[in-house]
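Please open the model in your viewer with a cartoon representation, and keep the selection panel at hand. The tour goes from one selection to the next, with a short account of what is to be found at each stop.

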Amino acid sequence: MSAAGNAEASRGRGGQLAAQRQATIVAEVNSRGAVTVAELVERFGVSDMTIRRDLDALDSSGLLHKVHGGATSVGLRSAHEPGFDAKLTQESTAKQAIAAEAARRVRPDSAIGIGAGTTTYALARQLLRVENLTVVTNSARIADVFHGNGRSDRTVVLIGGIRTPSDALVGPIATAALQSLHLDMLFLGAHGVDAEHGLSTPNLMEAETNRAFIAASREVVLVADHTKWGTVGLSTFATWDDLDVVVTDTGLPAAARKAMRDTGCELVVAS
């Protein structure tokens, strides 16, 4: 075996180094809610197979939940939906960078949709300077951002429905209202982003409302930080064919960037 192979073996198999690596993985998952295999490979300098063995062992021990392409904390099962306030401070720097980059795509006199979420909430604040906007949203918090600004050249339409833990208004009322609209551009966040499963959410009614948003829009932009990659919620609401642009942050690993580019969507990395 080569020197490089010996180094990989010593890092990858049992013993103190493996135990330290696994402890770090658990701490990272608990801190961020989710990690991807690609991120862990880059961080620890070990093989994809080594990381997958680590995740298998930690999943078997109940310390995390292994999913396709990575792992989530034990509290983040497919149907678990964190609240808005719990997510607001997570990856806040990345969300601000994504919001600023996405806002540059919006032109005056546009009709835009903004789905509920903490990254789209940051985007709404960035859009306060854009003139003559019509904004359709299913988030009371996002509507309040625009109403609080007091500009007379803006129309804000708040779609009603049943309120989710993440403060989205969803369900048949919201879906029916969207079916008659025609939007120039739509900005959506996602609970999970995955190469195989697309965009997903733990909430079935939110998935239905997001599909109606997409159907009403000429251009669809995903705004999601790197921690969403590899997470899969209960229901897929968009495939890669539904998306035009993905705006993410510099924390996205190289393997995930390649997977996104292979979808055919425009990938924009905010710095």
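Begin by selecting Ala111, whose bridge partner in strand 5 is Thr134; bear in mind throughout that this is a predicted model. Widening the selection to residues 111-114 and 133-137 shows strand 4 and strand 5, which pair in the parallel sense over 4 bridges.

With these two strands still displayed, add helix 10, residues 204-215, which packs on the sheet and touches strand 4, strand 5, strand 9 (185-188) and strand 12 (220-223). The direction of helix 10 makes about 155° with that of strand 9. Helix 11, residues 254-261, also packs on the sheet, where it touches strand 14 (245-249) and strand 15, and its direction makes about 145° with that of strand 15.

Now bring the whole sheet into view: 7 strands form an open sheet in the order 6-5-4-9-12-14-15, and the pairing is parallel. Following that order to its two ends leads to the edge strands, strand 6 (154-158) and strand 15 (266-270), each of which pairs on one side only. If you look along the sheet, neighbouring strands are turned by 20° against each other on average, with direction ignored.

Next, select two loop residues in turn. Asp109 lies in the loop between helix 6 (92-103) and strand 4, and has a positive phi of about 70° although it is not a glycine. Is Asp109 buried or exposed? Its relative accessible area is 58%, so Asp109 is exposed. The loop between helix 7 (118-126) and strand 5 holds Asn132, which likewise is not a glycine but has a positive phi, here of about 55°. Asn132 has a relative accessibility of 34% and therefore counts as partly exposed.

For the last stop, select helix 3, residues 37-44, together with helix 4, residues 48-60, which pack at an angle of about 115° with their axes 9 Å apart. The two helices, helix 3 and helix 4, are therefore roughly perpendicular to each other, and their crossing is right-handed. Showing side chains here brings up the contact itself, in which Val37, Leu40, Val41 and Phe44 of helix 3 meet Asp48, Ile51, Arg52 and Leu55 of helix 4. Coloured by class, this contact of helix 3 with helix 4 comprises 6 nonpolar, no polar and 2 charged residues.

Technical notes. Residues are numbered from 1 along each chain as its sequence is written. This is a predicted model: local features need pLDDT of at least 70, side-chain atom pairs count only at pLDDT 80 or more; totals for chains, interfaces and linings use all residues. Side-chain values use heavy atoms; hydrogens and water are left out. Two strands pair if DSSP finds at least two bridges between them. Axes are lines fitted to C-alpha atoms, for helices over the stretch in contact, and angles run from 0 to 180 degrees between N-to-C directions. Contact means heavy atoms within 4.5 Å. Buried means under 20% relative accessible area, exposed over 50%, partly exposed in between (1.4 Å probe, protein chains only). Angles under 35 degrees count as roughly parallel, over 145 as roughly antiparallel, 65 to 115 as roughly perpendicular and the rest as oblique. A crossing is left-handed if the near helix is turned anticlockwise from the far one by less than a right angle, and right-handed if clockwise. Ala, Val, Leu, Ile, Met, Phe, Trp, Tyr, Cys and Pro count as nonpolar, Asp, Glu, Lys and Arg as charged, and the others, Gly among them, as polar.
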